[in-house]
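Trainee: I'm new to this one and don't want the whole tour at once. Could you pick a single sheet and walk me through it slowly?

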Amino acid sequence: MSGAHYNHLIALDHVSYILTCRGKLAFPVKILIIGSGGREHAIAWRLAQEGHQIYGAPGNPGIAELGPLLPTTDYLAAADSIEADLTVVGPEIPLVAGVVDEFRAAERKIVGPAQDAAQLEGSKIHSKQFMRDLRIPTARYARVESVEAGIAALADFDTPVVIKADGLAAGKGVIIAQDRAEAEAAVRVLGPRLVIEEFLEGEEVSFIALCDGKNIVPLEATQDHKAVGDGDSGPNTGGMGAYCDGRILPAADAQHVIDTVIGPVVEATRFTGFLYAGLMMTADGPKVLEFNVRLGDPETQPLMHRLDSPFGEVLMASATGNLAGVSLQWKPQPSVCVVLAAAGYPGQIRTGDLITGIQDCGTQVFQAGTKQGPKGLETAGGRVLGVTASGPDLAAAAANAYSAVQKIHFDGMHYRHDIAQKGLKRWGPGTIRTIAP
Ligand code: ATP
């Protein structure tokens, strides 16, 4: 395949890479992190460990422990005010709105895709059309613009069938309908602009690569848990937990995904930043469920726990087109993140519940939906905390995360009890040594 340079193939000496980068950069640098969730806290935690000066916009109480917060959504003004050396964008909304183009016009360094490329996430209709044009493996689909056309199109699909709203929906714009009546109801709820697609069976894998317009640096694969309940029951959420283990995607499969999915996108769009392919590993090979144009949440939390390379330098290399020859090193220990959610999530949530036990739980807790109240830290969003731990093996990593969860409390707190269980079943033996619901 021509065009994109597949630099993951170039086995680089890690030390020489650090020296090369250190030669280019005066460390530490000032890094502005855009966003306010667990993903952004994890990025900030990792970069602060490397000695960088962290700023958050708008940030959250966890990020505030690592550096000043700038309470604004005028991100360029925020970056100007602190003379940021680099800005990293966490969430998709500013990317789809064109923040990267704005920074580049002002000659400020930023990690993320240009607005055009960000439409891969901003519109599912665009994304499916793009995949069809580039022959990227994905589920068969119909695109419709009205409820009537949606109901008519259902005739072309077996059940279960997947109904997706066109625009951004924070993980809640997808309904998997088990029968025709549910499918018609879903078309009415999510319509009129929809993608209707065949249901794919297999294991889901999150595959993320950092890109600089031509070079591709893959991250370790992770597995997310979208449904709210144990055993993938209940409605979909933004993600209830994730784990990172070197066995999720064997090297040959990762290579295949780069050749058939990531490479063609980078070549066609000159993609910069984090390109996330949500994959279904079907009997016919990996197929793309969705593209995201940023790091995943909660995938970033276990990824930051396992990453062993200097993240700040790699981000700077992405922002300046210098990823050629870069590869990332990972600690061998798997990592697990268990999301603690607020009462009612993913429906109508309750906020203002007092959170206790974070300080003494014994592992890293990334904050998401939190705020400082008069009595202390309170819940302020659906996904409240991401309790993240590593261990010598996956079972131990999960056990460590779940034993920390037992020490944390807020009224209405709920979480999945089976994060990483799919990996444990696949690679067995053993189940998570942890606490029953
Ligand atoms: P997010 O905002 O969390 O990225 P999203 O709203 O963009 O999610 P998708 O990732 O496309 O939506 O779908 C959400 C989930 O629905 C997937 O992770 C997967 O579990 C399920 N899903 C989506 N498409 C299919 C499909 N064709 N077959 C089976 N399951 C699917």
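Mentor: Sure, let's start with a pair of strands. Strand S6, residues 161-165, is joined to S7 by 4 bridges, and the two run antiparallel. If you want one spot to look at, find Ile163: its bridge partner in S7 is Ile175. Keep in mind as you look that this is a predicted model.

Now add the helix that goes with these strands. Helix H10, residues 180-190, packs on the sheet and touches S6, S7 and strand S8 (194-198). The direction of H10 makes about 5° with that of S6.

Next, step back to the sheet that these strands belong to. It is an open sheet of 4 strands, in the order S5-S8-S6-S7, and the pairing is antiparallel. At the edges you'll find strand S5 (141-144) and strand S7 (174-177), each of which pairs on one side only. From one strand to the next, the twist averages 20°.

Where does this part sit in the chain? The domain assignment gives domain 1 as 140-198 and domain 2 as 336-431. Between the C-alpha centres of domain 1 and domain 2 there are 32 Å.

For contrast, have a look at another sheet. This one is also open and has 4 strands, but the order is S2-S1-S3-S4 and the pairing is parallel. S2 and strand S4 (110-111) stand at its edges with a single partner strand each, so one side of each has no neighbour in the sheet. Helix H4, residues 75-82, packs on this sheet and touches S1, S2 and S3, with a direction about 160° from that of S1.

Within that sheet, strand S1 (residues 30-35) and strand S2 (residues 53-58) run parallel and are joined by 6 bridges. Leu32 stands opposite Tyr55 in S2. Put helix H2 (residues 38-49) together with S1 and S2, and you have a right-handed β-α-β unit. S1 also pairs with strand S3 (residues 86-89), again in the parallel sense, over 4 bridges. There, Ile31 has Leu86 in S3 as its bridge partner.

Finally, the chain as a whole. There are 15 helices and 21 strands in it, and 50% of its 437 residues are buried. A compact globule with 437 residues would have a radius of gyration near 22 Å, and the chain agrees with that at 21 Å. Taken along the principal axes, its C-alpha atoms fill a box of roughly 60 × 55 × 45 Å.

Definitions and conventions: Residues numbered from 1 in each chain as written. Predicted model: local features only at pLDDT ≥ 70, side-chain atom pairs only at ≥ 80, totals over all residues. Pairing = 2+ DSSP bridges. Right-handed = clockwise from strand over helix to strand, strands pointing away. Domains from an automatic or database assignment. Contact = placed C-beta atoms within 7 Å. Axes fitted to C-alpha atoms, helices over the stretch in contact; angles between N-to-C directions. Rg over C-alpha atoms; globule rule 2.2 N^0.38 Å. Buried ≥ 20, exposed ≤ 12 C-beta atoms within 10 Å, placed from the backbone.
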